[in-house]
Each structure stands twice: as C-alpha cells, then as structure tokens.
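Here is a short tour of a protein fold, written for someone who likes to know how each term is defined. Let us start with the strands and then see what packs on them.

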Amino acid sequence: MEVEEYQIPIRRGRRQRRRHWRIPPLALIVAAVVVCALIVWRLLSPPSPVPPMEEVDLPDWVTVKLLPVNEWSRPGTPLEAVNGVVVHYVGNPGTTAEQNNSYFRGLAESHDTYASSQFLIGLEGEVLLNVPLDEVAYCSNNRNDDTLSIECCHPGEDGSFTGATYDALVKLVRWLADTYDLKREDIIRHYDVTGKECPKYFVDHEDAWETFLDDVEQAPASGGAE
C-alpha cells in the first residue's frame, strides 16, 4: 500500500518595510547649540562666587594683619569658593598669634616652606586675619582652594586650647558659618582632609570635637560683638 506524500504549503507573507526614524537636521543643530551654550556657561561661571573682601563686614574683634603678597605664604590667588572651615593647631606650644604671624610673614624671605592661614587665634583669644577671605592660604592641602583656615595657639604639647582661645574659636567659626551659609558638616579638622594629627586635642578626643560643634551651633548668631 502506497502512502501519499503531502507537502505542507509554505505561506509567503508580505515583507514589512522597516521604518527608519530620522531626526530633522534643524533639531540636531538646536541641540548642539544648547549643549555648547551650557558648556561655555559652566566654564565661565564659578561654582560658588566668593564675596570680595571689601564687601565682608568683618567683626570688630578681628585684627587685620595681612601678610605681604608673596609666593610662600600669600600668593594672592583668588579663592574658588567657601565650602567649609578647617580648624588647625599651630603645633608650637606656647607661641603667640603675633609670633606665628611673623613666621608666616618671614617666609617671603626665608623660603623655608609654603605656609599660612586666613586666621590665627592667640592664647588670650585674640584673632588675627593674615590672608584676605577671598584669597587662598597655604594651610589645608587639597582644600586650600575652597575653604577658610584657622590656626589656633595652645600652651602645651597635648594641643588643648586655653578657655579664651576656645571661646574665640567658637565665636569665629559661628560668624564664618553665618556669613558663608555653612552647615555643621562643613566645619572640619585638618585631620579630616589628610589624616594629619591636627588639631591634636580634637583628634585625640573625638567627643571634645563633637562638643565643639555643638557649641558652635548654640553660639549667638554671627558670634556677637564685644
């Protein structure tokens, strides 16, 4: 008995044409112009403009003792932004704010190292301004360009501050926080930038650092006036 073979007919459907979406040339030109404009705006606009020094209402308890413009301690480089405050200790027990200001000043001739800070706070709570608030100081390594620095004098090797130095530091940091709209997390130690043991007492005693931040938050607005 023969079995008939059947072939299943193949149905050939119509090929569907693929649709290619084309972006109009004018749209591409407009998009390119917008992107270029944004790039130019970003390059020409600073991330966070720093007010010129003459526009800052400096408290009457700050003594201005600006360093001469020089390569070693006051380069005259414009500050890019004020995104924080960095607290330091001088590391030379018993030295005064005046002595440390003189050291920074002398670097212009000695060329020993690159060093300075915007502020120095002395053993009796005196506050000296060494570098204008719209210029870079050599104090906080890779944060020099966007922070303000404070060097604090201390009587002993442990780096603890006198009561007068501590109170002045609280007042100064509160004023800076109010002036530049800084938050608690924007107030840092040199240790937080590089891991250096500075300011020593606040590195050795983390609880004391947190207490300091609490005191800054609770201080009178703008540090008050004397």
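Two strands count as paired if DSSP finds at least two bridges between them. Helices (H or I, at least four residues) and strands (E, at least two) are DSSP runs, numbered from the N terminus. Residues, in turn, are numbered from 1 along each chain as its sequence is written. This is a predicted model, where local features need pLDDT of at least 70, side-chain atom pairs count only at pLDDT 80 or more, and totals for chains, interfaces and linings use all residues.

With that settled, Val87 stands opposite Arg189 in strand 6. Strand 2 (residues 85–89) runs parallel to strand 6, and 3 bridges join them.

The wider picture is an open sheet of 6 strands in the order 1-4-3-5-2-6, with mixed pairing. Strand 1 (62–64) and strand 6 (187–189) are at the edges with a single partner strand each, so one side of each lacks a neighbour in the sheet. From one strand to the next, the twist averages 25°.

Two helices that pack on the sheet are listed below. Contact means heavy atoms within 4.5 Å; axes are lines fitted to C-alpha atoms, for helices over the stretch in contact, and angles run from 0 to 180 degrees between N-to-C directions.

| Helix | Strands touched | Angle between directions |
|---|---|---|
| Helix 3 (residues 163–180) | strands 2, 3, 4, 5 and 6 | about 175° with strand 5 |
| Helix 6 (residues 206–218) | strands 2 and 6 | about 155° with strand 6 |

Overall, the protein chain has 6 helices and 6 strands, following the pattern α-β-β-α-β-β-β-α-β-α-α-α along the sequence.

Methods
Heavy atoms only, no water.
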